[in-house]
Amino acid sequence: MPTLPIKTRDDLRELEKVLKQKPDLVSNLSTYLSTYVSKEPAKENVSAKKVMAALISNSVAKLFSLRGHKDKMAFDASQVWAAVKGAFC
């Protein structure tokens, strides 16, 4: 499993592959990412930025949009997105 934050597209693909092969790791990643989430609902925006910064570098993040608009890859179809959502639940 690649180290976080993910710095290359290949590392992200490897993480996706691992998460698909071992679905219990999605929960583990969610738990890790939840440490960056504030308990205060008003700070959800700040928490989201912290979670994403802990997860992927800006150079990788700019390749994605949530739903894949403007020639970018869709982030919402990934196992990594499932882990991010889990961090906030």
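These legends go through a predicted model of one chain, view by view.

**View 1. The run of helices and strands.** Five helices and two strands make up the secondary structure of the chain. Starting at the N terminus, the order is α-α-α-α-β-β-α. Here helices (H or I, at least four residues) and strands (E, at least two) are DSSP runs, numbered from the N terminus.

**View 2. The annotated domain.** An unreviewed UniProt entry puts "domain: DUF4806" at residues 4-78; such annotations may be inferred rather than shown by experiment, and feature names are shortened. That span is 53% helix and 5% strand, and its end C-alpha atoms sit 16 Å apart.

**View 3. Overall dimensions.** The C-alpha trace spans about 35 × 30 × 20 Å along its principal axes. The radius of gyration is 13 Å, which agrees with the value near 12 Å for a compact globule of 89 residues (taken over C-alpha atoms; the rule is 2.2 Å times the number of residues to the power 0.38).

**View 4. Inside and contacts.** Of the 89 residues, 31% are buried, meaning under 20% relative accessible area with a 1.4 Å probe, protein chains only. Take the contacts (heavy atoms within 4.5 Å) between residues at least 6 apart in sequence: 56% of them join residues at least 24 apart.

**Notes.** Residues are numbered from 1 along each chain as its sequence is written, and side-chain values use heavy atoms, leaving out hydrogens and water. Local features need pLDDT of at least 70 and side-chain atom pairs count only at pLDDT 80 or more, while totals for chains, interfaces and linings use all residues.

Definitions and conventions: Buried < 20%, exposed > 50% of the residue type's maximum accessible area, 1.4 Å probe, protein only.
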